[in-house]
Amino acid sequence: ISLLAGKVDLAKRFASPRREDQFLLSVAEGNKTNVPPGDMLGQAIRRGLSAYGPGDRFRDFLQDGRPGEALLMAIAMVSEGSAGDPDAVADALRLFRAIGLEGLARQVAVELLLLEGAA
């Protein structure tokens with residue numbers, strides 16, 4: 001609940017030493033971690049939060065001055081990704097970060113991990 005509310009410091013106080021909890025905390029804080037993600041969604045989230053630039057799916061949108069369209073597409077891709085396309089999740093997170101929405105990217109990642117039971 002504390003992570004959903006953006007209270008990372010509070011979540012740290014109650015987190016277990018389990019790999020899943022530590023990965024979730026590292027995602028919420030924006031820290032690079034050596035804790036391996038446990039599944040394909042976790043791996044996609046790690047890729048999306050550690051890569052630089054928007055990725056091929058969105059590069060043309062941004063170069064053509066259409067960041068809003070790219071953002072709407074990325075939001076839809078998060079839904080697709082949570083339904084089984086981890087590459088869509090990674091690409092959407094990369095776009096969020098590329099257009100300056102780092103906090104949103106981390107919060108979406110945390111919510112996906114909690115929703116999918118990966119953490």
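Here, a residue counts as partly exposed when its relative accessible area falls between the buried class, under 20%, and the exposed class, over 50%. Arginine 57, at 38% relative accessibility, is therefore partly exposed. Keep that in mind, since the same classes come back with the charged residues below. One caveat up front: this is a predicted model.

**Overall build**

The protein chain has seven helices and zero strands, so its radius of gyration can be read against the globule rule: the value is 14 Å, close to the 14 Å the rule gives for 119 residues, and the chain is as compact as a globular protein of that length. Along the principal axes, the C-alpha atoms fill a box of roughly 45 × 25 × 25 Å. As for burial, 39% of the 119 residues count as buried. The chain exposes about 6600 Å², with carbon and sulfur atoms supplying 53% of that area. If you take the contacts with a separation of 6 or more, 52% of them come from residues 24 or more positions apart.

**The nonpolar core**

Which residues touch the most other members of the largest nonpolar core? They are Leu3, Val27, Ile45 and Leu93, out of 29 residues in that core. Helices H1 (8-14), H2 (19-29), H3 (40-50), H4 (56-63), H5 (67-82), H6 (86-98) and H7 (102-115) each put in at least two residues. Valine 27 is a handy one to click on: setting aside residues up to four places away in sequence, it touches Ile45, Leu49, Arg106, Ala109, Val110 and Leu113.

**Charged pairs**

Side chains of opposite charge can pair when their charged atoms come close. This structure holds nine salt bridges, and three of them are listed here with their N to O distances.

| Acidic residue | Basic residue | Closest N and O atoms |
|---|---|---|
| Aspartate 87 | Arginine 47 | 2.8 Å |
| Aspartate 91 | Arginine 57 | 2.4 Å |
| Glutamate 69 | Arginine 66 | 3.1 Å |

Take the bridge between arginine 47 and aspartate 87. Arginine 47 sits in helix H3 and aspartate 87 in helix H6, so this pair ties together parts that are 40 residues apart in sequence. Arginine 47 is partly exposed, with a relative accessible area of 37%, and aspartate 87 is partly exposed too, at 44%.

The bridge between aspartate 91 and arginine 57 also links distant parts of the chain, with aspartate 91 in helix H6, arginine 57 in helix H4 and their positions 34 residues apart. Aspartate 91 counts as buried, at 15% relative accessibility, while its partner arginine 57 is partly exposed at 38%.

In the glutamate 69 and arginine 66 bridge, glutamate 69 is partly exposed with a relative accessible area of 41%, and arginine 66 is partly exposed at 34%. Elsewhere, Arg18, Arg19 and Glu20 are linked in a network of salt bridges.

**An arginine without a bridge**

How far from arginine 94 is the nearest side chain of opposite charge? That side chain belongs to aspartate 91, and it is 4.7 Å away. A salt bridge needs the nitrogen within 4 Å of a carboxyl oxygen, and arginine 94 has no salt bridge even though it is buried. Arginine 94 is found in helix H6. Leaving out neighbours within four places in sequence, arginine 94 is in contact with Arg47, Gly48, Ala51, Tyr52, Gly53, Pro54 and Gly55. Among these contacts is Arg47, the residue that forms a salt bridge with aspartate 87.

Note on methods. Residues are numbered from 1 along each chain as its sequence is written. This is a predicted model: local features need pLDDT of at least 70, side-chain atom pairs count only at pLDDT 80 or more; totals for chains, interfaces and linings use all residues. Side-chain values use heavy atoms; hydrogens and water are left out. A nonpolar core is a set of buried Ala, Val, Leu, Ile, Met, Phe, Trp, Tyr and Cys residues joined through side-chain atoms within 4.5 Å. Buried means under 20% relative accessible area, exposed over 50%, partly exposed in between (1.4 Å probe, protein chains only). Helices (H or I, at least four residues) and strands (E, at least two) are DSSP runs, numbered from the N terminus. Contact means heavy atoms within 4.5 Å. Lys and Arg count as positive and Asp and Glu as negative; His and the chain ends are not counted. The radius of gyration is taken over C-alpha atoms; the globule rule is 2.2 Å times the number of residues to the power 0.38. Accessible areas come from the Shrake-Rupley method with a 1.4 Å probe; for residues, only the protein chains shown count as cover.
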